[in-house]
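Visitor: I'm new to this structure and would love a close look at one small part of it. Could you pick a single spot and walk me around it?

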Amino acid sequence: MEIRKPNDSEYKKILSLSPQALFEGTLGEAKPSDEKVKQLIEPLLQKGSYYLIATEGDNLMGWILIGTSKDQFTEKMYGFIYELFVLEEFRGNGIAKQLMETGIEHLKQDGYSEVRLSVYAGNHAIKLYEKLGFKNRTITMSMNI
């Protein structure tokens with residue numbers, strides 16, 4: 001398996017699969033259109049965020065989208081993991097863990113001393129994040145009224 005930045009055709013494949021990734025990542029709460037995905041992702045890429053992909057031969061197995069964000073209270077900049085996705089047929093093989101470790105290493109090399117991410121409560125990836133050392137920092141709560 002190789003982890004690297006995508007070429008143009010691989011980037012287009014990521015964009016085509018991103019609505020499904022966001023649907024699964026939000027536990028079915030969001031079903032964004034292709035256009036909405038572009039509206040969410042393009043500003044991140046323009047500000048320096050980038051994808052790393054996991055491939056085996058010509059097979060795209062998954063990706064991570066990493067970049068930067070700013071703490072709204074302290075103004076401190078930190079690394080941020082915006083998206084992690086492994087295609088269903090490749091799950092259970094440690095690809096997500098390898099993408100996370102590589103993404104964190106890239107953020108460290110980019111000069112960040114902290115990495116954050118957001119995840120929906122109930123998402124199976126939380127177990128992986130905890131194993132990697134992530135801890136709850138803020139909790140967003142909601143209720144239907």
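Guide: Happy to. Let's stop at Gly 79, which touches Gly 67, Thr 68, Leu 107, Tyr 112, Glu 114, Val 115 and Arg 116, leaving aside residues up to four places away in sequence. Keep in mind that this is a predicted model. Our glycine is found in strand E4, which covers residues 77-86. Is Gly 79 buried or exposed? Its relative accessibility is 0%, and since buried means under 20%, Gly 79 counts as buried. For a sense of distance, take Leu 22: Gly 79 is 57 residues away from Leu 22 along the chain, and their C-alpha atoms are separated by 20 Å.

Now slide along to Ile 81. Not counting residues up to four places away in sequence, Ile 81 touches Ile 64, Leu 65, Ile 66, Met 100, Ile 104, Leu 107, Val 115, Arg 116, Leu 117 and Phe 134. Ile 81 also has a part in the largest nonpolar core, a set of 32 residues: along with Trp 63, Ile 64, Met 100 and Tyr 129, it touches the most other members. Who else chips in? Helix H1 (8-25), helix H2 (34-46), strand E2 (50-56), E3, E4, helix H3 (95-109) and helix H4 (125-131) each supply at least two residues of this core. The biggest giver is E3, with 6 residues.

Step back the other way and you come to Glu 75, in the loop between strand E3 (59-70) and E4. At 49% relative accessibility, Glu 75 counts as partly exposed. Its backbone has a quirk, too: phi of Glu 75 is near 70°, a positive value in a residue that isn't glycine. For comparison, most residues other than glycine have a negative phi.

Finally, let's zoom out. The protein chain has 4 helices and 5 strands, and from the N terminus on they run β-α-α-β-β-β-α-β-α. The radius of gyration is 15 Å, close to the 15 Å that the globule rule gives for 145 residues, so the chain is as compact as a globular protein of that length. Along its principal axes, the C-alpha trace spans about 45 × 40 × 30 Å. Buried residues like our glycine make up 34% of the 145 residues. And among contacts between residues at least 6 apart in sequence, 56% join residues at least 24 apart.

Definitions and conventions. Residues numbered from 1 in each chain as written. Predicted model: local features only at pLDDT ≥ 70, side-chain atom pairs only at ≥ 80, totals over all residues. Heavy atoms only, no water. Buried < 20%, exposed > 50% of the residue type's maximum accessible area, 1.4 Å probe, protein only. Contact = heavy atoms within 4.5 Å. Rg over C-alpha atoms; globule rule 2.2 N^0.38 Å. Core = buried A, V, L, I, M, F, W, Y, C linked by side-chain atoms within 4.5 Å.
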